[in-house]
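Good morning, everyone, and thank you for making time for this. Please have a look at the structure on the screen, and then I will walk you through the ligand site and a few details of the backbone.

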Amino acid sequence: LRRRKDLFACGGNDSRNPAVLRGDGAFEAIRLYRGRPFALDEHLERLGRTCHALRLENPARLLREEVDCLLRAAGAVDCCLRIVLTRAGRRILLLEPLPAPRERPLRVCFVTYEPTHVLDGAKSLSYAANMLATRLAIERGFDEALLTNRDGHVLEAPRESFFWVGADGRLRTPPLNEHILASITRQKLLELLEVEQQVCLRRDALSCSEAFLASTGFEVDPIGAIEDHALAAPGPLTRRARAAFDALVREQTDQDAVDPGRRRITTTT
Ligand SMILES: Cc1ncc(COP(=O)(O)O)c(C=O)c1O
């Protein structure tokens, strides 16, 4: 059995870790720009809120030391720092490749999804439903899912926030009381731009003039079609959002001061 590489563990303590057996744990993904973390404090604060919501111990001080140590060792890399806290009190810190940049505007379709209200405010490890939603969208020939609840409210994508522009030309995003994740990219965009927080119905999404997704990994990601509603992408407000976010990242990660010798962590599979 030891020779079977796909057998994770056999009887050891880690194979009984509730994070492995039940997705019971917390995580964060933080983007490093030439080794400088973007919005690290905000991510660690959200991790603290997740721990509180999940009744999980938050080893905040230890974690900060370990993150600082890993960042020093990593050097000027472009990648994601993933932090995982498990119910059994284990910490996992990973430097992982950035998602491959999307070559063309996303084509998204609706996938019905009911948020687990008891997990409001928590970025828990229980992501099987989110990952399945993406697969269901791909099975239908789209790139990504737009999660909509049973009342037809458009919420977010499985790993990104959703923004759209209505017929009146205003940029909007659904409010947090729709049980969506308190996305850090979303919050930054709310601070940078004029954005209204408003419930989005399917018909709003199907009649919008532009739309984009936003997240740590993909930043501002234009949408080229929602179901059969084609959109010129990136539209003017999407470009404005992207430029404002890029400028914030450059300013907060002090890119001008960093050695231009840039390494990108790549997948080795
Ligand atoms: C469900 C969901 N919504 C939105 C986001 C975007 O959040 P952030 O901007 O903090 O990366 C994520 C990120 O993982 C997510 O999982």
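Which atom of the ligand does a polar side-chain atom of Glu-156 lie 2.8 Å from? It is a nitrogen atom of the ligand, and I count this as a polar contact, meaning a pair of N or O atoms within 3.5 Å.

Before going on, I should say that this is a predicted model, in which local features need pLDDT of at least 70 and side-chain atom pairs count only at pLDDT 80 or more, while totals for chains, interfaces and linings use all residues. Residues are numbered from 1 along each chain as its sequence is written, and side-chain values use heavy atoms, with hydrogens and water left out.

Two other side chains reach oxygen atoms of the ligand: a polar atom of Arg-46 is 2.8 Å from one, and a polar atom of Thr-185 is 2.6 Å from an oxygen. On its own the ligand would expose 390 Å², of which the protein buries 93%, with areas taken from the Shrake-Rupley method with a 1.4 Å probe.

Around the ligand there are 17 residues, and the closest include Lys-123 and Tyr-127, where a residue belongs to the surroundings if one of its heavy atoms lies within 4 Å.

Tyr-127 also brings us to the aromatic rings, which pair if their centres lie within 6.5 Å, with planes under 30 degrees apart called stacked, over 60 edge-to-face and the rest tilted. The count comes to five aromatic pairs. In one of them, the centres of Phe-27 and Tyr-127 are 5.2 Å apart and the planes stand at 85°, so this pair is edge-to-face.

Finally, the backbone, where most residues other than glycine have a negative phi, and most peptide bonds are trans. Arg-34, although not a glycine, has a positive phi of about 45°. Ala-233 and Pro-234 are joined by a cis peptide bond, with omega at about -5°.

Note on methods. Polar contact = N/O pair within 3.5 Å; in protein donor to acceptor, adjacent residues only side chain to side chain. Phe/Tyr/Trp six-rings, centres within 6.5 Å; stacked < 30°, edge-to-face > 60°.
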